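Please walk through this structure from its internal space to its nonpolar packing, and then to its cysteines and one loop residue.

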Amino acid sequence: MSGAGVPDFFYREAQRLGYVAQQLLQLQEKYKLIKPGSSVLDLGCAPGAWLQVACQSLGPLKNGGTVVGIDLKKVKVPSTYCDARVQTVCGDAMSLSRDHIRSLSPKKGFSVILSDMCPLVSGIKSKDAALSAELGMRALDLAVGSVALAQEDAEPDMKEEADDKGILLPGGNLVIKLLEGEDMKEFGQICKPIFKKASCLRPKATRSTSREIYLICQGLRP
């Protein structure tokens with residue numbers, strides 16, 4: 001298959017299997033980002049597709065683990081592939097404090113952070129990409145903290161002020177959905193020193209007309 005037929009196939013397959021969507025399922029199959037018993041944070045969790053894959057990837061209930069979804073909308077946890085380990089919070093990830101989000105995890109931090117946040121698309125590519133980058137940078141800031149982001153080029157006094165630790169646990173993984181634009185290169189430059197591996201991928205389930213691309217960061221350095 002080629003063109004629009006490929007994502008249409010994946011959409012139908014997702015519906016057949018009971019998933020809301022299949023992008024994260026493909027990422028999980030390729031990178032094994034979520035391990036059994038992980039603590040997972042899903043930013044921009046509506047309509048619940050990533051909650052499904054995250055919960056299923058935790059393994060059976062006896063393995064433990066938790067999945068926390070945050071969205072501006074009130075999100076009902078999908079009944080398929082989700083269990084009691086999944087909870088959702090109605091709130092703005094752009095303004096919630098790290099301490100508040102951290103407290104939602106029994107581990108006081110998360111081993112995987114998934115950001116599916118996306119701006120209201122205006123149709124102006126440069127504007128949409130800039131807004132997407134702003135959301136992506138917020139996810140990165142939540143994950144690694146101001147200290148890590150300031151290390152590369154901040155002045156000494158700025159480093160002292162940037163005392164907030166990130167909520168991603170050492171060795172953890174981060175996935176950020178972005179709209180292709182000039183900021184993509186900058187994201188890679190920021191993430192490569194902080195993580196053991198950072199790469200970009202467009203899942204096969206993504207429509208050819210979509211500018212969505214995923215930044216996959218693996219193994220947060222201590």
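**The interior of a predicted model**

In this predicted model, the largest cavity has a volume of about 40 Å³, and a search of the whole structure finds one cavity of 30 Å³ or more. Its lining is made up of Ala129, Ser132, Ala133, Leu178, Leu179, Gly181, Glu182, Asp183, Met184 and Phe187. In terms of secondary structure, at least two lining residues come from each of α5 (125–150), β5 (168–179) and α7 (183–194). By residue class, the lining of the largest cavity comprises six nonpolar, two polar and two charged residues.

The nonpolar packing can be followed next. In soluble globular proteins, nonpolar side chains tend to be buried together. Here the largest nonpolar core holds 34 residues, of which Leu41, Leu43, Ile70, Ile113, Leu174 and Phe195 touch the most other members. Strands β1 (39–43), β2 (66–71), β4 (110–115), β5, β6 (195–201) and β7 (212–220), together with helices α5 and α7, each supply at least two residues of this core, and α5 gives the most, with seven residues. Apart from this core lies another, of 24 residues, which includes Ile34, Val175, Tyr214 and Ile216.

Phe195 offers a closer view of the packing around one member of the largest core. Once its neighbours within four places in sequence are left aside, Phe195 is in contact with Leu140, Val144, Leu168, Gly172, Leu174, Cys217, Gln218, Gly219, Leu220 and Arg221.

The cysteines come next. A search of the whole structure finds zero disulfides. Cys82 is in no disulfide, and the nearest cysteine sulfur, that of Cys55, lies 5.1 Å away; Cys82 counts as buried because its relative accessibility is 15%, which is under the 20% limit for that class. Cys217, likewise in no disulfide, has the sulfur of Cys191 as its nearest cysteine sulfur, 3.7 Å away, a separation that does not meet the requirement of lying within 2.5 Å. With a relative accessibility of 0%, Cys217 also counts as buried, and Cys217 is among the contacts of Phe195 described above.

A final stop is Ser105, which is placed in the loop between α4 (98–102) and β4. Is this loop residue buried or exposed? Ser105 counts as buried because its relative accessibility is 1%, and, with residues up to four places away in sequence not counted, Ser105 touches Ser39 and Phe110.

Conventions
Residues numbered from 1 in each chain as written. Predicted model: local features only at pLDDT ≥ 70, side-chain atom pairs only at ≥ 80, totals over all residues. Heavy atoms only, no water. 1 Å grid on protein atoms, 1.4 Å probe; cavity = no way out; pocket = protein on both sides within 12 Å on 5 of 7 lines; lining within 4 Å. Points joined across faces, edges and corners; volume = space filled by probe spheres on them. Helix = DSSP H or I, 4+ residues; strand = E, 2+ residues; numbered from the N terminus. Nonpolar A, V, L, I, M, F, W, Y, C, P; charged D, E, K, R; others polar. Buried < 20%, exposed > 50% of the residue type's maximum accessible area, 1.4 Å probe, protein only. Core = buried A, V, L, I, M, F, W, Y, C linked by side-chain atoms within 4.5 Å. Contact = heavy atoms within 4.5 Å.
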